[in-house]
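Colleague: Please take a close look at the charged side chains of this model, and describe where they gather and how they pair.

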Amino acid sequence: MALKPKHLILNLLLESDNPISSQVFIRICQLFDITENSARVTLARLSSDGMVEAPERGLYRLGPRARNLAADLASWRELESKLCDWDGSWIGVYQAMLGRSDRTALRRRERLLQLAGFSALEQGLAVRPNNVRGGVAGLRKRLLGIGLEEEAIIFRIDDLDEASHQRAVSLWDRKDLEEHYRDAQAIMENWMAKAEGLDTETAARECFLIGDEYIRCIAYDPMLPMEMVDTRLRQRYLETLIRFDQLGKSIWQNLYREFAQAG
């Protein structure tokens, strides 16, 4: 599937400490076979939607509509530190009263709940293990901060019957998660071993595509407790991803310098 210019632009701004010029966006988009016209149209639409803003003419940074969600996504490096031991309880989000007729709102709600590690136990009821620091209060603050409707009811569940408890545990596929951790770690290690031999543009393009996929995976990882997944395997995957991301940042800084020198 072709990389969408909106996704590329927002991710570049998310990772950049400084505003990025439209000309740099155009040159980067060309690395991913995105035309100049598509880049300019996308920047205009994102500006109109409040997703990006221009502090100066021709320079762009994340806009107010994107900042809270962007900050949440950017916290993937600290995910393990936000966890605690699991006591067997759950956190539930009841949203049946919000309806399903507005498909755009429904997709956004489902995406936000997935980002916080929830999965649907019943229609209108999503749950996750209560293994996050801050418990219900912390997750309520996080979910409302990234855009979940205030009408949603967020609560602790202590006494699920055994059948429902087992059904909740089975909402996540342990085997698939652990295979992903192993495979992704191997792919990143192999790429880092060959990265020095690549030209800057090729390295920047490849590390963006690999890193973008795996950072999204860890951002949306349910961060299950040790009773439900091999947490040591996940930790090794996360540590490898952090090293990969650091190398990627260095490569992209070199690319920006080459663009600046070329004028």
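Modeller: Nine residues, namely Lys 4, Lys 6, Arg 65, Arg 100, Arg 103, Arg 107, Arg 108, Arg 111 and Arg 216, form a positive patch on the surface. The model is predicted, so that local features need pLDDT of at least 70 and side-chain atom pairs count only at pLDDT 80 or more, while totals for chains, interfaces and linings use all residues. Residues are numbered from 1 along each chain as its sequence is written, and side-chain values use heavy atoms, with hydrogens and water left out.

A patch joins like charges within 9 Å, or nonpolar side chains (Val, Leu, Ile, Met, Phe, Trp, Tyr) within 5 Å, among residues with over 30% relative accessible area and no salt bridge. Areas are from the Shrake-Rupley method with a 1.4 Å probe, and only the protein chains shown count as cover for residues. Lys and Arg are positive, Asp and Glu negative, and His and the chain ends are not counted; each charge is placed at NZ of Lys, CZ of Arg, CG of Asp or CD of Glu.

Helix α5, residues 103-115, gives the most to the positive patch, namely four residues. (Helices, H or I of at least four residues, and strands, E of at least two, are DSSP runs numbered from the N terminus.) Another member, Lys 4, is found in the segment before α1 (5-15). Lys 4 counts as exposed because its relative accessibility is 58%; exposed is over 50%, buried under 20%, and partly exposed in between.

The opposite charge also gathers on the surface: Asp 173, Asp 176, Glu 179 and Asp 183 form a negative patch. Within that group, Glu 179 belongs to helix α8, which covers residues 174-194. With a relative accessible area of 35%, Glu 179 is partly exposed.

Ion pairs are the other half of the picture. Side chains of opposite charge can pair when their charged atoms come close. Here a salt bridge is a side-chain nitrogen of Lys or Arg within 4 Å of a carboxyl oxygen of Asp or Glu, and by this rule the count comes to 16.

One of these is local: Glu 36 and Arg 40 meet through their side chains at 3.0 Å, N to O. The two residues are about one helical turn apart, because they are separated by four residues in helix α3 (residues 36-48). Glu 36 is partly exposed at 38% relative accessibility, and Arg 40 is partly exposed with a relative accessible area of 38%.

A second salt bridge joins Asp 245 and Arg 77, whose closest N and O atoms are 2.8 Å apart. Asp 245 sits in helix α10 (residues 231-262) and Arg 77 in the loop between α4 (64-73) and β4, so this pair ties together parts that are 168 residues apart in sequence. Asp 245 is buried at a relative accessible area of 11%, whereas Arg 77 is partly exposed at 26% relative accessibility.

In a third salt bridge, Arg 156 meets Asp 87 with 2.9 Å between the closest N and O atoms. This pair also links distant parts of the chain, 69 residues apart: Arg 156 is in strand β7 (residues 153-157), and Asp 87 is in the loop between α4 and β4. Arg 156 counts as partly exposed, with 41% relative accessibility. Finally, salt bridges with shared partners join Glu 15, Arg 77, Asp 245 and Lys 249 into one network.

Methods
Buried means under 20% relative accessible area, exposed over 50%, partly exposed in between (1.4 Å probe, protein chains only).
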